[in-house]
Every structure is written in C-alpha cells, then in structure tokens.
Amino acid sequence: MASITNIQELSTNQHDIEKQSTNMEVEIVDYSKRAQWLRAAVLGANDGLLSTSSLMMGIGAIHQDSKSMIVTGMAGLVAGACSMAIGEFVSVYSQYDIEMSQIKRENAMELFEEKKKKLPSPLKAAGASAFAFAIGAIVPLLGAAFVKDYHVRLGVVVGVVSLALLGFGGLSAYLGKAPLVKSSLRVLIGGWLAMGITFGFTKLVGVTGLYA
C-alpha cells in the first residue's frame with residue numbers, strides 16, 4: 001500500500017514539474033524573420049544618409065552657398081528614393097517568382113495560400129526602402145538648411161550625419177542581436193570614408209577646372 005502511495009506521489013510530482021516547465025518556457029524569437037524588412041530599412045536609411053550627405057559635401061567642395069548644397073541634396077533624395085524602391089521591388093519580385101515556381105514544382109498547391117503568405121512582399125520591401133532612404137536623406141538636409149557660414153555648415157552636416165549613422169548602426173545591431181559597438185563603428189567609419197572621398201575628389205576636379 002505504501003509503495004502504491006509513493007508511486008502516485010512521484011507521478012503527481014512529475015506531472016507538476018512538467019506543468020511548471022511548460023509554464024516557464026521562454027518564447028524564442030526567430031530574428032531571421034526580421035531580415036527582409038530590416039535589410040530594406042537599414043540599407044535604405046544608410047544609403048539615404050551616405051549618398052545625400054556625400055553629394056552635398058561634394059557640391060560643397062566647389063560651391064560655398066547653401067542653396068547649391070540643399071538643391072543637390074533634394075535631387076539626391078528624390079532620385080535615390082526612386083532608385084532604391086525600384087531596385088528593391090525588382091529584387092524581391094525575382095525572389096518571389098523563384099519561390100512560387102518552387103512551390104509549384106513541389107506540387108504543394110494544397111498549401112499554396114499558407115506558403116504564399118510567407119513569401120516576401122515586393123511592394124512592402126520597395127516602400128520600406130524608399131521611405132527609409134528619404135528619412136536618412138532628410139538628416140543632412142536639415143543640418144545644412146539653417147546654417148549660413150560655409151565651414152560651420154560642412155561641420156554641422158558631418159556632425160549630424162555621424163550621429164545618425166551611429167544611431168542607425170546601433171538600432172540595426174540591437175534588432176538583429178549583433179555586437180552593438182562594432183556594428184555602429186563600422187557604419188560610422190564607412191560614412192566618413194564616403195563623405196571624405198567624395199569631398200576630396202570633387203575638390204580635386206574643381207581645382208583642375210574640369211567642371212567649368
């Protein structure tokens with residue numbers, strides 16, 4: 001009788017432990033599912049920052065008025081956002097077609113709707129990329145818009161772009177669970193190189209008089 005009671009107690013305890021383990025299970029987040037929109041948004045924002053600020057720094061190397069820098073930046077914003085949206089749309093649509101073809105080859109039409117929902121959206125990727133590019137491009141434009149002094153304007157543009165690069169680099173690292181400092185510094189140094197090379201090359205062209 002005692003042994004039956006002990007067996008029942010052990011069974012009850014085991015059931016309680018399993019129940020507690022089930023309740024204490026930690027939800028595992030699949031960060032790879034964020035890859036599609038995170039890639040488009042981060043690349044778009046970084047490109048908006050770098051290409052627009054580099055264009056503005058480039059034109060600033062030969063023209064010291066703020067109007068030239070701002071007009072150049074606005075042109076870069078519109079052209080870059082359109083380019084990013086079209087490029088992302090074509091790229092993701094190609095991936096979409098490939099995966100749809102794979103579904104048909106596997107004769108998985110009974111699961112067609114379920115699998116189709118998991119496929120990447122070309123329109124969403126294009127919209128995210130264009131929007132992020134525009135957000136990134138606005139940063140150097142705002143930095144240059146209210147500063148009249150030429151040298152101060154250049155410094156402000158570099159400063160605000162550097163802060164934004166650190167912010168975007170840190171955000172992407174946080175969302176993707178990547179090393180925060182390493183990722184942020186990599187983005188920042190890349191941005192400095194882009195702006196510096198563009199400024200230096202355009203200045204060299206201006207000195208030689210090739211642009212006239």
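Which backbone oxygen does the side chain of Ser183 reach? In this predicted model, the side chain of Ser183 reaches the backbone oxygen of Pro179, at a distance of 2.8 Å. Ser183 is part of helix α7. With 8% relative accessibility, Ser183 falls under the 20% limit and is therefore classed as buried. Leaving aside residues up to four places away in sequence, Ser183 is in contact with Gly169, Ala173 and Ala178.

Ser184 also has its place in helix α7. The side chain of Ser184 comes to 2.9 Å from a backbone oxygen, that of Leu180. Ser184 counts as buried because its relative accessibility is 8%. When residues up to four places away in sequence are not counted, Ser184 touches Leu166, Gly169 and Gly170. Gly169 thus appears among the contacts of Ser183 and among those of Ser184.

The overall fold was examined next. The protein chain contains seven helices and zero strands, and the order of elements from the N terminus is α-α-α-α-α-α-α. The chain has 212 residues, of which 32% count as buried. Its accessible surface amounts to about 13,400 Å², and carbon and sulfur atoms account for 67% of that surface. Where contacts between residues at least 6 apart in sequence are considered, 74% join residues that are at least 24 apart.

A nonpolar patch of about 1,100 Å² is present on the surface. The residues that make the patch are Leu163, Leu166, Leu171, Tyr174, Leu180, Val181, Leu185, Ile189, Trp192, Leu193 and Ile197. Helices α6, spanning 150–175, and α7, spanning 180–208, each supply at least two of the residues in this patch. The greatest contribution comes from α7, which gives seven residues. Two residues of the patch also link it to the serine contacts described above: Leu166, a member of the patch, is touched by Ser184, and Leu180, likewise a member, provides the backbone oxygen reached by the side chain of Ser184.

Two further members of the patch were considered individually. Trp192 is located in helix α7, and its relative accessibility of 44% places it in the partly exposed class, because this value lies between the limits of 20% and 50%. Leu193 is likewise found in helix α7. Its relative accessibility is 51%, so Leu193 counts as exposed, the limit being over 50%. Leu193 and Ser54 are separated by 139 residues in sequence, while their C-alpha atoms lie 9.6 Å apart in space.

The loop between α5 (122–145) and α6 holds Lys148, and Phe146 lies in the loop between α5 and α6 as well. Lys148 has a relative accessible area of 80% and is therefore exposed. Phe146 is also exposed, because its relative accessible area is 72%. Each of these residues was compared in position with Ser66. The C-alpha atoms of Lys148 and Ser66 are 6.6 Å apart, although 82 residues separate the two in sequence. For Phe146 and Ser66, which are 80 residues apart along the chain, the C-alpha separation is 8.8 Å.

The annotation record was then set against the model. In an unreviewed UniProt entry, the annotation "transmembrane region" covers residues 69–93, 125–146, 152–175 and 187–211. The span 69–93 is 100% helix and 0% strand in the model, with its end C-alpha atoms 35 Å apart. Residues 125–146 are 95% helix and 0% strand, and the C-alpha atoms at the ends of this span are 33 Å apart. Phe146, the residue at the end of the annotated span 125–146, is placed in the loop between α5 and α6.

Note on methods:
Residues are numbered from 1 along each chain as its sequence is written. This is a predicted model: local features need pLDDT of at least 70, side-chain atom pairs count only at pLDDT 80 or more; totals for chains, interfaces and linings use all residues. Side-chain values use heavy atoms; hydrogens and water are left out. Patches are made of residues with over 30% relative accessible area and no salt bridge: like charges are joined within 9 Å, nonpolar side chains (Val, Leu, Ile, Met, Phe, Trp, Tyr) within 5 Å. Accessible areas come from the Shrake-Rupley method with a 1.4 Å probe; for residues, only the protein chains shown count as cover. A salt bridge is a side-chain nitrogen of Lys or Arg within 4 Å of a carboxyl oxygen of Asp or Glu. Helices (H or I, at least four residues) and strands (E, at least two) are DSSP runs, numbered from the N terminus. Buried means under 20% relative accessible area, exposed over 50%, partly exposed in between (1.4 Å probe, protein chains only). A polar contact is a pair of N or O atoms within 3.5 Å; within protein, one must be able to donate a hydrogen and the other to accept it, and residues adjacent in sequence count only if both atoms are side-chain atoms. Contact means heavy atoms within 4.5 Å. UniProt positions are given in the numbering used here, feature names are shortened, and annotations may be inferred rather than shown by experiment.
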